[in-house]
Structures are given as structure tokens and as C-alpha cells.
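Me: I've got a structure open and I'd like to learn how to read it. Can you walk me through a few features?

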Amino acid sequence: MPTTRRLYLVLGDQLDHRSALWEDFDPRQDAVWMAENETEATHVWCHQLRLAFFFSAMRHFRDELRAKGHPVHYHALTARRSDDRGQDVAEILRQDVHRLQPERLVVVEPGDERVRRMLQGAAVELGLALEIRPDTHFYASVDDFKDWAQGRNSLLLETWYRHLRRREGILMQGKQPEGGDWNYDADNRATFGREGPEYIKPPRQFTPDATTREVLEMVAQRFGDHPGRLDHFHLPVNREQALQALREFVDRRLELFGRFQDAMWQGEDFLYHSRLSAALNIKLLHPREVIEKVLTAYAGGDAPLNSVEGFVRQILGWREFVRGIYWTHMPEYAEMNALGAQEAVPPFFWDGETQMACVRDAMRNVLDNAYAHHIQRLMVLGLFALLYGVHPRKFHEWHMAMYADAIDWVSLPNALGMSQHGAGGIVGTKPYCATGNYIHKMSNHCDRCRYQYKQATGEQACPMTTLYYDFLDRHRDTFKDNQRMAFQLKNLQRKSADELKQIRARAHAIRQHPERY
Ligand code: FAD
Ligand code: SF4
């Protein structure tokens, strides 16, 4: 006689009490299974805060399930490796299946294609049925995206976003977009001028409770040699805290979110951004409730349209779009490398030790908070990696290791696709490449840097600017027929042969010894 009828697997990014998993869960016959996984933590050298975030949120979820009377088989890592079963998840699962003898396994669609395959493989090997239930944590299902994508020559965020706006009736006046325009990007590019931002209330900080403190101690002891630090651990780790973080964002920062969406300022880690991605991605928050809250603020006159539309575009547009891209292009997507980039991430991507003020500040944010806001990701760290020639999968793997919000379905299209142009034109028609001038325009970093953002050659030359021209030079042929790159290539043509020679030599030197820059 089996002791457990069905074993319900809850993965670390599926901490949702309302998911399709629970539809028919019967605590008298079924059981839940969760495991903290050392392989995931060590196969890329994972940020300490990221590890602590996942383990703490999982333990909180476990305790909530137990409080509801659900039997939970939970595998916790301990401070000493020899005291637990720190092997990989598939191995722990195999052992537990032999012990518990369930009739079938049930899981919600994993957010990582590799994990899906691993579970399918384990189930086949164990001779057990594996039921994979749809992930209802999004506005659109993967099939919705596939239907929409069918027969289209190119998949554009804008078209998808408008499709979902119409379908969901979000920010619509009948058939017309609210306010007459589909986007207010032109209002959303303000900078902080020379004075900098006024005081911005940082995201709400949650003091670690006993469960989190236990995890922090375990991570410090067991993974203390990993990058990043733990003394800035303030993330929401359960649903109640996540809802508080959402309320706090809408009340305090949404109003100016749109206007300063693209701006940066040294030492300001969050600006007007929500910092909700980690809570959203492990499913403490549902995107619908986030958007509803933002729309309520708009209806009440508490937030302007440019901010509200800008925010809705991120969640309804980008977030749903990249998920669709992931599931329609995997597994080939992970191996794409359209520009043939081969470098490893530079050493300062692990320790932040660089003289480039923009990169140093973004890396400080990453190391302190396992976070960087979008422009730091795309136009500082991503930009540097693109111009330097980091292999796009290596950049994605680094991203997965260093950010609390990174899950394969969202990191891969953003890191490999959008930022590194690894998938060619699948996510964007041209790479996000720029000189140091872009960073100068959008921030105060260059005023505090030993490099000169305008210079491409010489000892004071800004590495971003040098590498930018080197990048265009190396990829002249790739982009020669791309109309959207015509202006940039024309600028390159203005460089004399001698200047180009110096640019190539300095770019080579940067790649030889990145630690010196
Ligand atoms: P806000 O600026 O407040 O935006 C609101 C929300 O919109 C975010 O919480 C997020 O849920 C959503 N969002 C915005 N842009 C995107 C996008 N391009 N794709 C998906 N969702 C988006 N986001 C992740 O959630 N996980 C990742 O692993 C991730 N990797 C990225 C890698 C690179 C190289 C780049 C350029 C972007 C990446 N993003 C990723 C998207 C975006 O940068 C983050 O979602 C955002 O910075 C998170 O901070 P926030 O919550 O303060 O976002
Ligand atoms: Fe960054 Fe160049 Fe500006 Fe320095 S000068 S902050 S390296 S863009």
C-alpha cells in the first residue's frame, strides 16, 4: 500500500498558495515535497544574498503549508555539508520516492526548461507518472503567445503589448488607448540634472525574522566564500511582506517612476523603481494584483499616466513577452551566439574592483543587494559585456548567479537576447550599444570617473567609448545592411586609420588585462 497517494513538488520559484497545484490537494492522502538544492547554488558561483532569499522564502512557505495542515517533506541545507543531503535535487527526489512510494508526481510548469527535462527524466527512470500543470501566474499562457506569434515575420514587443492591452482592457477607452497614445516614452527620459534627485524613500526594508536569521547564518557558514554580502538583506520573503512592498511602491515611488525610468545617479540603488521583480518571480505577488493596484492609483489621481503606462508596459508588455520568447525558442535559444562573442565575464563582475565609476557603482549595487535597476543592467553592465565580447550564455549564467530575481525564463531572453544580442534579431532589431556619452547624459558617473567619456584613445580614454568603436569595427559586416545601425556605422567611418589602429590596440589591452581598468 502506498503511504503517499501523490507527491506535489514545489520548486523554489513557485511559492504560490493559489497555483494550479492545489486544485485537488488532499492533505489526508497527498504530501508536498520541497528541497533546497546545493547543485543549483554551486554550479555557478551564486551570490550569498540570492541563496538566502530563495531559502528563506521557501522555508516561510513550508511553514505556511504546515500551518494549514499540509504534510511537507522539506530538505533544508545545513551549515555543515556533512550534516545534510546536499546532493542534487533529482537524487534527493529519487531517494524520497523510494521511501514514500507515491503513485504519481505533480508539479506546476517549471520556469526553467532544464529543470523540466530533469524532472521528466527522473519520473521516467522511477517509472512514475509526472503531471505538469499550467503556470497561471501570468496574463498569457504559453499557448496564447504561440497563437499570437504564429505566422508573424517578426515578434515585436509593441505589437504584443497592444494585443494584451486590448484583450485585457487595460488602460483602454473603448478601442483607443487611454490618453490617445500607446506609450509615453518621450515623457520618460528625464535625468536628474546637475543637482541630482531629491530624497527618494528607498523600498521598504524587512527586518530578518528568526527563520531568515537562521538561513543567513547557514549561508554565511556554508557559502561564505561566494560573491556578494548578506548585511543588506531586506527583501520580502512571504506574501504579506510582498503586499506591503507593493503598497509602499505605489504610495511612494510610482508617481515619478515613469519620468526617471532611464536615469541613474551614483549611490542611488533603487531610485523610483519598484524592486518587486524578486517577489513577483518567486510568485509571492501575482502580476494582475500588481497592475490592478497601479491602475487604482491612476483612477484615484495618485499617479500620472506616463508613470502608470510605463509601469504597465514593463509587466504586461516586457515580462509576458520575454516569457513567450523563452518558451517558443527553447532549448536552441540558450546556445545562440549571433555575434560569435567568446570572452568570459571580466573579474570585476565578481568583486566590483574597477576604476570605471559607472561599472563600480552598478557592481556595488549588485554585490550589496543582488539587484541593479534596469538601466544599470542594460546600459552599464550589459553594455560593457556586449562591447567587451562576453559570451552571451556566460553573461546569462553570471546574471543567474548574481541577481535575486533571476529565473531562467526571464534572465535568458533579457541577458542573452536583449542585452547581448545573442539571438540576433529575435528580441531586438539592433544591439543596445553606445559610447560613454549615453552614461554621461543619463547620470553623474562620468563627473566622478578617472576616464573621459568622449575619448576613445589615449590613457584617459573611457573604456566604454573605446570598446564601442572596436565593437562596430569588428561587426561592420554583420550590421552593414541594418538600417537602424546606419548612423552608428557612418560615425565609425569618420575615424582615421590611425585612430582605428589605436582603438583596436587599446581594446585588445582592455581584454588582456581587464583588472587594470
Ligand atoms: P521596475 O523597474 O520597477 O519594473 C517593474 C517590473 O517590470 C519589474 O519588477 C519586472 O517584473 C518587470 N520588468 C521590467 N522590465 C522587464 C523585462 N525586460 N523583462 C521582464 N520583466 C520586466 N528581470 C527579472 O525579473 N529577472 C531577470 O533575471 C532579469 N534579467 C535581466 C537582465 C538584463 C541584462 C536586463 C537588461 C534586464 C533584466 N531584467 C530581469 C529586466 C529588468 O531589468 C528587471 O525586471 C528590473 O530591473 C527589476 O527591478 P524592479 O523590480 O525595480 O523593476
Ligand atoms: Fe563610465 Fe566612461 Fe563615464 Fe567613466 S567615463 S563613468 S567609464 S562612461
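Reply: Sure, let's begin with polar contacts: a polar contact is a pair of N or O atoms within 3.5 Å, and within protein one must be able to donate a hydrogen and the other to accept it, while residues adjacent in sequence count only if both atoms are side-chain atoms. Here a nitrogen atom of ligand 1 is 3.3 Å from an N or O atom in the side chain of Gln314. One oxygen contact of ligand 1 is with a polar backbone atom of Arg275, at 2.7 Å, and an N or O atom in the side chain of Asn281 is 2.8 Å from an oxygen atom of ligand 1.
This is a predicted model, where local features need pLDDT of at least 70, side-chain atom pairs count only at pLDDT 80 or more, and totals for chains, interfaces and linings use all residues. Residues are numbered from 1 along each chain as its sequence is written, chains are lettered from A and ligands numbered from 1 in the order in which they are written, and side-chain values use heavy atoms, with hydrogens and water left out.

Me: How many residues surround ligand 1?

Reply: There are 30, counting a residue as near if one of its heavy atoms lies within 4 Å. Among the closest are His273, Ser274 and Tyr371. By class, the shell has 15 nonpolar, 11 polar and 4 charged residues; Ala, Val, Leu, Ile, Met, Phe, Trp, Tyr, Cys and Pro count as nonpolar, Asp, Glu, Lys and Arg as charged, and the others, Gly among them, as polar.

Me: How do I read two packed helices?

Reply: Two packed helices are described by the angle between their axes and the distance between the axes. Helices (H or I, at least four residues) and strands (E, at least two) are DSSP runs, numbered from the N terminus. Axes are lines fitted to C-alpha atoms, for helices over the stretch in contact, and angles run from 0 to 180 degrees between N-to-C directions. In this model, H12 (residues 305–329) meets H5 (residues 142–149) at about 85 degrees, with axes 9 Å apart. That makes H5 roughly perpendicular to H12 (65 to 115 degrees).

Me: What about H12 and H17?

Reply: Their angle is about 90 degrees and their axes are 8 Å apart. H12 is therefore roughly perpendicular to H17. The contact (heavy atoms within 4.5 Å) includes Trp318 of H12 and Trp409 of H17.

Me: And what should I look for in the backbone?

Reply: Most residues other than glycine have a negative phi, and most peptide bonds are trans. Leu171 has a positive phi of about 55 degrees, and this residue sits in the loop between H6 and S6. A cis peptide bond joins Met330 and Pro331, with omega about 5 degrees.

Definitions and conventions:
Angles under 35 degrees count as roughly parallel, over 145 as roughly antiparallel, 65 to 115 as roughly perpendicular and the rest as oblique.
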